[in-house]
Amino acid sequence: MHRMSRPMIALAAVASGALILTGCTADTAPSGADGGGTFVYATGDAEPDCLDPHVGGNYPQALAGSQVIESLVSRNDDGEIVPWLATDWSVSSDGLTWDFTLRDDVTFTDGTDFDADAVAANIAHLQDPDTASSTGYLAVQKIADVETVDSDQVRFHLSQPDSALLESLSQTWVGMQSPAGIERGMDENCEQPIGTGPFVVSEWAHQDHITFTRNDDYNSAPADAKNSGPVAFDSIEWRFLPDSTSRYAALQSGDVDMIDNVQPDVLASALDDGTFTVLNAPRTGASNRIELNAGKAPFDDQRVREAFATGIDIDAAIDSLFFGTVDRSFSPLSSAEPAAYSDPSAFAFDSDHAADLLDDAGWTERDADGYRTKDGTRLSLSFPVSTAQSIPAEQSLFDQIAAGARDLGIEINIELMDLSSWYEALGANEYDLVSAPYTKVGPDVLRILYHSSGIEPAPSGYFANHSQVDLPELDEALDQASASQDDAERRELYQQAQEIILSGHYVVPLYDQLNTFLISPDVTGVRAMPTLSTPSFVDASFAS
Amino acid sequence: MTSIAAPPLSRAHRIGRWALQRLVGGVVVLAATATIVFFAMRLIPGDPAEAILGGPGSQTSAEALARVRAEYGLDDPLGVQYLHHLARLATGDLGTSYSLRMPVADVIGPLLVSTLVLAFSALAVAWALAVPLTLFSTRGSRVAALVGNGLELTAASLPHFWLASILIVTFSTGLGWLPPISTGGVLGLVLPTLTLAIPVAGFLAQVMRDSLLDALASPFVLASRARGAGDARVRFVHALRHAALPGVNLTAWAFGYLVSGAVVVETIFARPGLGRSLVSAVLDRDVPLVTAIVVVTAAAYVLIMIVADAAARIADPRIEERA
């Protein structure tokens, strides 16, 4: 027992005297003899607006939704698609007809049977404009028709071949929900979506926490899980804890059992301390990278892009600002993607060579401030940065890159903005550099990010090809990969595509999309799903 | 204010007129607040429809956007949207939150209670800290005055985020006495309350010290000492009462300071409340929710100012005469 000093006792007495009026009750501590009890998870991700991951479709929804909702297929650590709610599947030789065999012994937690009709209802829900689905909508865009062959047989008819279909279906944003749950309408389904998963949503106290309670009838873990029955935890208290330092303090004080969005400074001190289990699970899809807008001057010139990509010592900056906790990436894809191809040589630091390239490109004059000019125009780059998407360490990295660029005679104007303003700047083509995360299962993310069809802004102004790469040979490789039924050929094509993107210096890869968890030493068996890197507690328990 | 020619008004009449003036003034302030919030929210760049569907990592389809624009009336001209907005507010309809998809009225009640609990706890603790500090620093010794003054200045200038971190490191991770997050229990309220209360205590103590010193030097204190009152009685009963008046006035101001401090404190301690919601609502371009939070906060502030004014009039009737 700690001994309080006299002034402290006085202070505590005064404080509790003032607070007693609020009439709240103290929390009970988690415990359990059988490895069960209440598990407290503190997330630093945004609180979802809606727990139904079909609606909209962002990462916070996948984080929370994956505790409740399961998918037709999953992916194992080797990147192979494995059975989940579907046990088997086959595709026709033209790639347009997909047959799935479903598990016939699974029910949703409201008692509704999981069957072919349920799958059809889910695809219809995703494709219904009223759902306002964006991520899931894109994933099932090529499914033209869903045919229920039998109660456990469902057939998808596609408008075009889609080699990424299984990877897309493995995402929580395309997860299977109870048709009866969906029919309650969006408001109710957003508050409490109903799936087949290990937990059910029992309470959502907005801005505070979600309570997930155990599904005692759970029998549908993915094929690569160790446990196939109900989980050990009685419930999860899923707390929203936006401040990074408080999150770590709460883990240290034992108020929570696991935290996500561990920032580099916290990770460095946790690694030093050694008490907590570190789970590093880079998000899938794209790596974190700076995209160079090749659609307009000055980055329409390959030499200027190469000068920027090689003239600044980015490795050193990352190492110091991230306390040595991250590895530099040289790929447009996350290292969690087996198809990722790296080319470090394209980004070897050489400031002299970079200066020569800029001279070659005609940026030879210098103005009064020491920046390079050409025909009286300063070599100046605009860099809108979304504070919602770039963590503080990354914002500092961009500042250091700007300082390095200054030595090359390049001016970089970094503008910090909130997400809506950032979308607006992108839509107005008012950027030369940009960093945008993109999470998706599988290398098909390359098609979304670098196919020329992604340059055309939607009426909203949103488009995904921020580098504005427009190369027929790249489009062709991506289209072929999308249509290919052959895994080896597909892999080869995606490598070609990455070689083109890297050697053209359309992007400067930085590191994987950071996704680090810290877990109490009292907990075992937590893993990150090899699909969207969301935490799974199917095999987890408190150590006895 | 009253002209010389006007007939003298009865006391009830004057109170009535004062209340009416205050009420009308309050309504004008609220309408102006709602107007400023609406245009400020629409002048900052960014499409609310993107924000409604968006969030980091979400890829919005054109169909979904068109849908949302129509549903929320974002296609209408700005003037029309503004008039709709005011008309709705005037009938007490706070609308539906874009981001939470719930009636704002349902959302805001618990948040208001949570923030008020925090603000009033902080005020109570601030007073509890300020009074002993004032009495200590006016004991007459130079050292006490210096130490007191130093403490007040330091406390008053501490930034919330720093104070919060120090309190968490000391009492949560260090000593393990108090939770670093506000989980709904009384214990969870202690650190957020202290974070908000300590700077306010600094302000209060400083103001009260000056007037306490004035009071101690004034004839009525001398008179009570002459009547044989002990030092403690003089300080606690006579002088402190006098010195507390500016503190009471400052308390009304402090309420505004506490609500703005709640933005930081509620985020750090993960406590639901108006401040934290305001930040996320602004980022979400959630016009109905931002409007409601700002208007409700303004209404609370107006109300507290009226109460403080009334209290000051009761305590010191000379104010009324001067008016």
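Visitor: Of the 165 residues in the largest nonpolar core, which touch the most other members?

Guide: Start with the general idea. In soluble globular proteins, nonpolar side chains tend to be buried together. In this structure, which is a predicted model, the residues of the largest nonpolar core that touch the most other members are B:Ala126, B:Ala201 and B:Leu204.

Visitor: Which helix gives the most to this core?

Guide: Helix 8 of chain B, residues 186-216, with 17 residues. The core also draws at least three residues from each of domain 1 (14-90) and domain 2 (106-322) of chain B.

Visitor: Take B:Leu204 alone. Which residues is B:Leu204 in contact with, leaving aside its neighbours within four places in sequence?

Guide: B:Ala126, B:Trp127, B:Ala130, B:Gly247 and B:Leu250. B:Ala126 thus appears in this list and among the residues with the most core neighbours.

Visitor: What lies apart from this core?

Guide: Another core, of 66 residues. Its members include A:Leu292, A:Val385, A:Leu426 and A:Val508.

Visitor: Back to the domains of chain B. How far apart are the centres of domain 1 and domain 2 of chain B?

Guide: The centres, taken over C-alpha atoms, are separated by 32 Å. The contact takes 13 residues from domain 1 of chain B and twelve residues from domain 2 of chain B.

Visitor: Which helices supply the side of domain 1 of chain B that touches domain 2 of chain B?

Guide: Helix 1 (11-43) and helix 2 (48-53) of chain B each supply at least two residues of that side. Helix 1 of chain B has the largest share, ten residues.

Visitor: Now chain A. How many helices and strands does chain A have?

Guide: Chain A has 17 helices and 25 strands.

Visitor: How does the radius of gyration of chain A compare with the globule rule?

Guide: The radius of gyration of chain A is 25 Å, close to the 24 Å that the globule rule gives for 544 residues, so chain A is as compact as a globular protein of that length. Along the principal axes, the C-alpha atoms of chain A fill a box of roughly 80 × 70 × 35 Å.

Visitor: What share of the residues of chain A count as buried?

Guide: Of its 544 residues, 53% count as buried. Contacts can also be read by distance along the sequence. Among contacts in chain A between residues at least 6 apart in sequence, 69% join residues at least 24 apart.

Visitor: How do I read a sheet? In what order do the three strands of the open sheet that holds strand 13 of chain A stand?

Guide: Read the order from one edge to the other. Here it is 19-13-20 in chain A, with antiparallel pairing. Strand 19 (433-435) and strand 20 (507-511) of chain A are the edge strands, and each pairs on one side only. Neighbouring strands of this sheet are turned by 20 degrees against each other on average, direction ignored.

Visitor: How many bridges join strand 13 of chain A to strand 19 of chain A?

Guide: Three bridges, with strand 13 covering residues 288-292. A:Ile290 has A:Ser435, in strand 19 of chain A, as its bridge partner.

Visitor: Which strands stand at the edges of the open sheet with the order 14-15-16 in chain A?

Guide: Strand 14 (365-366) and strand 16 (377-378) of chain A each have a single partner strand, so one side of each is left without a neighbour in the sheet. The pairing in this sheet is antiparallel. Two bridges join strand 14 of chain A to strand 15 of chain A, residues 372-374. Within strand 15 of chain A, A:Thr373 stands opposite A:Glu365.

How values were computed
Residues numbered from 1 in each chain as written. Chains lettered and ligands numbered in written order. Pairing = 2+ DSSP bridges. Helix = DSSP H or I, 4+ residues; strand = E, 2+ residues; numbered from the N terminus. Axes fitted to C-alpha atoms, helices over the stretch in contact; angles between N-to-C directions. Core = buried A, V, L, I, M, F, W, Y, C linked by C-beta atoms within 7 Å. Buried ≥ 20, exposed ≤ 12 C-beta atoms within 10 Å, placed from the backbone. Domains from an automatic or database assignment. Contact = placed C-beta atoms within 7 Å. Rg over C-alpha atoms; globule rule 2.2 N^0.38 Å.
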